[in-house]
Amino acid sequence: MNSVLAKSSVLTKNPVLGKCALLLCIACGLACGLISQPLKAETLAAPGDYQALFSQSADTKQLVALSQKLNLGETVRGQFVQSRQLKVLKKPLISQGQFIFDQTQGLIWQQIKPFESLLILKDKQLIQRDSQGRVQISKADTSASAAAMGDLLPSLVRAMLGGDISGLSENFELHFLITDRLSPDGQWKLGLTPKDPLMKKAIANMVLEGSDVLQSLALLSAAPNVSPQDMTRIDFSALSQGTLSETELALYALALEASKP
């Protein structure tokens, strides 16, 4: 299995870059660990299903409307199920957990199954706690490329969960498609192609899908017409907003404690 991860040479050569790309598979999961629980392959969309999306550009009016749909306020929390399809494996891999995003405090990505792990992105720092309780800290200012990703990823998360779509055009080519005009909620897809060459080598394309709220994030390792390829899909549910609880604040406090000398 270790040889599977080693194939992502762009990530393995730069540990900080790799951990930043990890959060993108959240933004948020290409390297969240090797998962052993299978998921039925038919639950994953085929990369070719996104070809129509990436043939259309997004206009300003569409992006403004989408921003209003996705704006859940300063704090949003929810649950996720992440499935990862590797072209060297016959069946997808699955994990699940919960997340919290706060505009001031940062992002918490907490995997619960099949084993526990905790990721905190705060102030350009990535704090990772594994199932054994070991804590590791990575800073996104050790190289120019990693620093650039440290700036990019929080903006992506804000766009996904806070409705801040306007700034994405600086770093991504944007594509938009309404998939069901008859739906009361207006089903849509937003495609993102990174402009940064390093980011594009790690993740070629991303697809956000939803209606009145964000429903899923898909990450493709190559262009939509390439098959087979590695693909990760994260399905979101139970999204809610509201002030942080004492338990949630305690998780963010872990980041402060871990960063002390």
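**Salt bridges and ring pairs in a predicted model**

Colleague: Is Arg 233 buried or exposed, and with what relative accessible area?

Modeller: This is a predicted model, and buried here means under 20% relative accessible area. Arg 233 falls below that cut-off, so the residue is buried, with a relative accessible area of 15%.

Colleague: Which residues do salt bridges that share partners join into one network?

Modeller: Let's start with one pair: the side chains of Glu 209 and Arg 233 meet at 3.5 Å, N to O. Glu 209 belongs to strand 10 (residues 205-210) and Arg 233 to strand 12, so this bridge ties together parts 24 residues apart in sequence. Glu 209 is buried, with a relative accessible area of 15%. Through shared partners, the network joins Glu 209, Arg 233 and Asp 235.

Colleague: Nice! How many residues apart are Glu 248 and Arg 77?

Modeller: Their side chains form a salt bridge of 2.7 Å, N to O. Both Glu 248 and Arg 77 are buried. The bridge links distant parts of the chain, with Glu 248 in helix 7 (residues 246-258) and Arg 77 in strand 2 (residues 75-85), and the separation is 171 residues.

Colleague: And Arg 134, is that residue buried or exposed?

Modeller: Arg 134 shares a salt bridge with Asp 130, at 2.8 Å from N to O. Asp 130 has 26% relative accessibility and therefore counts as partly exposed. For Arg 134 the relative accessible area is 55%, and exposed means over 50%, so this residue is exposed.

Colleague: Turning to the rings, are Phe 99 and Phe 236 stacked or edge-to-face?

Modeller: Happy to go there: the chain has four aromatic pairs. In this one the ring centres are 5.6 Å apart and the planes stand at 80 degrees; planes over 60 degrees apart count as edge-to-face, so the pair is edge-to-face.

Colleague: How many residues apart in sequence are the parts that this pair ties together?

Modeller: Phe 99 and Phe 236 are both buried. Phe 99 sits in strand 3 (residues 93-102) and Phe 236 in strand 12 (residues 231-241), so the parts tied together are apart in sequence by 137 residues.

Colleague: Which residues do ring pairs link into a cluster?

Modeller: Trp 109 also pairs edge-to-face with Phe 236, at 6.5 Å centre to centre and 75 degrees between the planes. Since Trp 109 is in strand 4 (residues 106-113) and Phe 236 in strand 12, that pair ties together parts 127 residues apart. Trp 109 is buried, with a relative accessible area of 2%. The cluster is Phe 80, Phe 99, Trp 109 and Phe 236.

Notes
Residues numbered from 1 in each chain as written. Predicted model: local features only at pLDDT ≥ 70, side-chain atom pairs only at ≥ 80, totals over all residues. Heavy atoms only, no water. Phe/Tyr/Trp six-rings, centres within 6.5 Å; stacked < 30°, edge-to-face > 60°. Helix = DSSP H or I, 4+ residues; strand = E, 2+ residues; numbered from the N terminus. Buried < 20%, exposed > 50% of the residue type's maximum accessible area, 1.4 Å probe, protein only. Salt bridge = Lys/Arg side-chain N within 4 Å of Asp/Glu carboxyl O.
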